Amino acid sequence: MCSVMRTMTVAAVLLVIFGSALGYYLYRNLRPYYLHLELKSIPEEVPATGGILSLVSREKKQSFSRFLYGLASLEKDRRLRGIYLDLTLYRMGLSQSWELRQIIERLRQSGKKVLCYAHSYRESAYFLATACDRIYMAPGGVLEIPGVMTQNLYFRELFDTLDIVPQFVHREEYKSAVEPFTRREPSQYDRQQRERLLEIYYDQITRSIQSRNISKPESLINEYGFLYGREALETGLVDSLVYPDEMEDILRDEFGRAAKRRTVPSRRGSILPFRKVAVVVADGPIVEEDTHNPLEGTTTIGTGLASTLRRLRKDKRVSAVVIRVNSPGGSALTSDIIAHEIRKLAQEKPVIVSMGFVAASGGYYISAYGSKIFLTPLTITGSIGVLFGKLAMEDFFRRKLHINPYIMKKGELADAFSLRPVDDRGMERFNRLIDEIYGDFLRVVSEGRGLPLDSVRKIAKGRIWVGEDAIRAGIVDTIGSVVDAIEYAREKVGGGSVVFVKRKYRVNFDWLSLLSFARTGFYMVDFRFLFGNW
């Protein structure tokens, strides 16, 4: 009898423990929640960093592709009541913002409510905010919608004054990255492509404002540009003016007091773990070596990308590869090595390319062999061309600094990259060299896109193409986000798990950023963008 009683007691205790554990599990995992995202900047690539590097690195834990895919996976999550976006420190560009808008709109269509708040709104933050159900702003905040602009500095007049001789050759007339050094103002060709770029960007911004049921956004842009809180409310650009602490009550009212707050999107799983779609990021200028600056959060694209693609080609568990390209270009040689690997990979498995803000020049070169190419309406691509040259500074040293370079050589072109100007023989050699490189570029585009070589010549010329213009030119396939590219790849191979590949990088501390970090704890402002990317 006692034995039976002890057995029943133990069983009752185990039942209570099991029931409590089950109850806690159900409470924890079935309880409704809302997602609170404080969006600042999300890098395209997040290399693995360990040890002391993880202490100084200021990067997010997830790459932009991984974050966006995780966010899209919430579409079918019935526990999710809604999403709250804090955009106060938002610093992402319009292209990434467009991709985020697409996912937010999908979530809203699935019944999720999306609210956003910021002390003030910069233009890209407001572009994203217009996809939300309600827009909140601090009463003393400023909403910026001044329009769009580009700005380049032109140094030719300075160079003439300093006796510096720019010597550059390029193919062809739209390849304008050398113009800041060779001209006093943009050429008619560069002006044409920049005007088109501004037109497309401006159109996207006005459309986003129109989605707020504002019929004439141009008048608001031109009349106001910068709106104080009350003006933003009166014009209908925001829904309410509230202080940050007041948002807590609003969130409880909108999402329910029982809803738990979470800060990280859940990740989508798969019932086919042995069939994989690999996502690889190619972010930064194309150089010889893959490097990572953890202080600035920047990376370069080197031949290590080709090695990664070769490994994925040989991995039988990988059914398809998505390559996220965000690069203004760089080394022709490295671009060709990477493109060679992509061509071989695409012969065996689907290779889907997703273009970020820019995939131009070498960034387009490595994309051309993709089985299908996605881009946003704001992606800058093309720039199918080549440039080469230097600044000859011998007279500057002699006449301005009173320093006399004395050059000795053995070999006619040994001093080609010295301070001395390149002679006619050298310039002839440079022109022949870039003709060969340009010819290879045209051939790669012709083969990758299945276009006649003559057709490629007409659309190349170093010209940049943006969004749907690039589709009409035939150099890309369709508008879509990186999530669209991943979902397309999964459909092509019948599903499978999505694996985000982290590549190896050599850590590179740029002395300028290191000095800035040590002195102020803030990033050094990168002035290189003033020279332009095309």
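Reader: Is Lys-409 buried, partly exposed or exposed?

Author: Good place to start! This is a predicted model, and in it Lys-409 has 39% relative accessibility, so Lys-409 counts as partly exposed. The side chain has a partner, too: Lys-409 forms a salt bridge with Asp-415, with the closest N and O atoms 3.3 Å apart. Asp-415 is at 10% relative accessibility and therefore counts as buried.

Reader: How many salt bridges does a search of the whole structure find?

Author: The search finds 36. One of them pairs Arg-106 with Glu-487, where the closest N and O atoms are 3.0 Å apart.

Reader: Which parts does the pair of Arg-106 and Glu-487 tie together?

Author: To read a salt bridge, look up the element that holds each partner. Arg-106 sits in helix α4 (residues 94-109) and Glu-487 in helix α19 (residues 482-493), so this pair ties together parts that are 381 residues apart in sequence. Both residues are buried. Arg-106 and Glu-487 also belong to a network, joined with Glu-75 and Asp-484 through salt bridges that share partners.

Reader: Where do Asp-239 and Arg-212 lie, the pair that meets in another salt bridge?

Author: Both are in loops. Asp-239 lies between α10 (229-234) and β8 (240-241), and Arg-212 between α8 (188-210) and α9 (217-223), so the parts tied together are 27 residues apart in sequence. The N to O distance is 3.0 Å. Asp-239 is partly exposed at 25% relative accessibility, while Arg-212, at 14%, counts as buried.

Reader: Now cysteines. How many disulfides does the search find?

Author: The general idea is that a disulfide is a covalent bond between the sulfur atoms of two cysteines. Here the search of the whole structure finds zero. Cys-116 has the sulfur of Cys-132 as its nearest cysteine sulfur, 3.9 Å away. The cut-off for a disulfide is 2.5 Å, and Cys-116 is in no disulfide. Cys-132 is in none either. As for the surroundings, Cys-116 is buried at a relative accessible area of 0%, and Cys-132 counts as buried at 4%.

Reader: Which residue stands opposite Cys-116 in β4?

Author: That is Ile-135. Strand β3 (residues 113-118) and strand β4 (residues 134-137) pair in the parallel sense over four bridges. With helix α5 (residues 123-129), these two strands make a right-handed β-α-β unit.

Reader: Why is β3 described as largely enclosed by the rest of the structure?

Author: Because five of its six residues are buried. Strand β2 (residues 80-86) also runs parallel to β3, and five bridges join them. Among the partners, Asp-86 is matched with Tyr-117 in β3. The chain passes from β2 through α4 to β3 in a right-handed β-α-β crossover.

Reader: How do I read a helix such as α16, and what span should its 26 residues have?

Author: Start with the length: at 1.5 Å a residue, α16 (residues 424-449) should span 38 Å, and its end C-alpha atoms are 37 Å apart, which agrees. Then look at which side faces inward. An α-helix has 3.6 residues a turn, so residues three or four places apart point the same way. In α16 the buried residues include Met-427, Phe-430, Ile-434, Tyr-438, Phe-441 and Val-445.

Reader: What covers the buried residues of α16?

Author: The cover includes β6 (165-171), α13 (332-346), β17 (386-392) and α17 (453-459), among others. One last detail to check in your viewer: Gly-450 follows α16, and its phi is positive, near 65°.

Definitions and conventions: Residues numbered from 1 in each chain as written. Predicted model: local features only at pLDDT ≥ 70, side-chain atom pairs only at ≥ 80, totals over all residues. Heavy atoms only, no water. Buried < 20%, exposed > 50% of the residue type's maximum accessible area, 1.4 Å probe, protein only. Salt bridge = Lys/Arg side-chain N within 4 Å of Asp/Glu carboxyl O. Expected span 1.5 Å × (residues − 1). Contact = heavy atoms within 4.5 Å. Pairing = 2+ DSSP bridges. Right-handed = clockwise from strand over helix to strand, strands pointing away.
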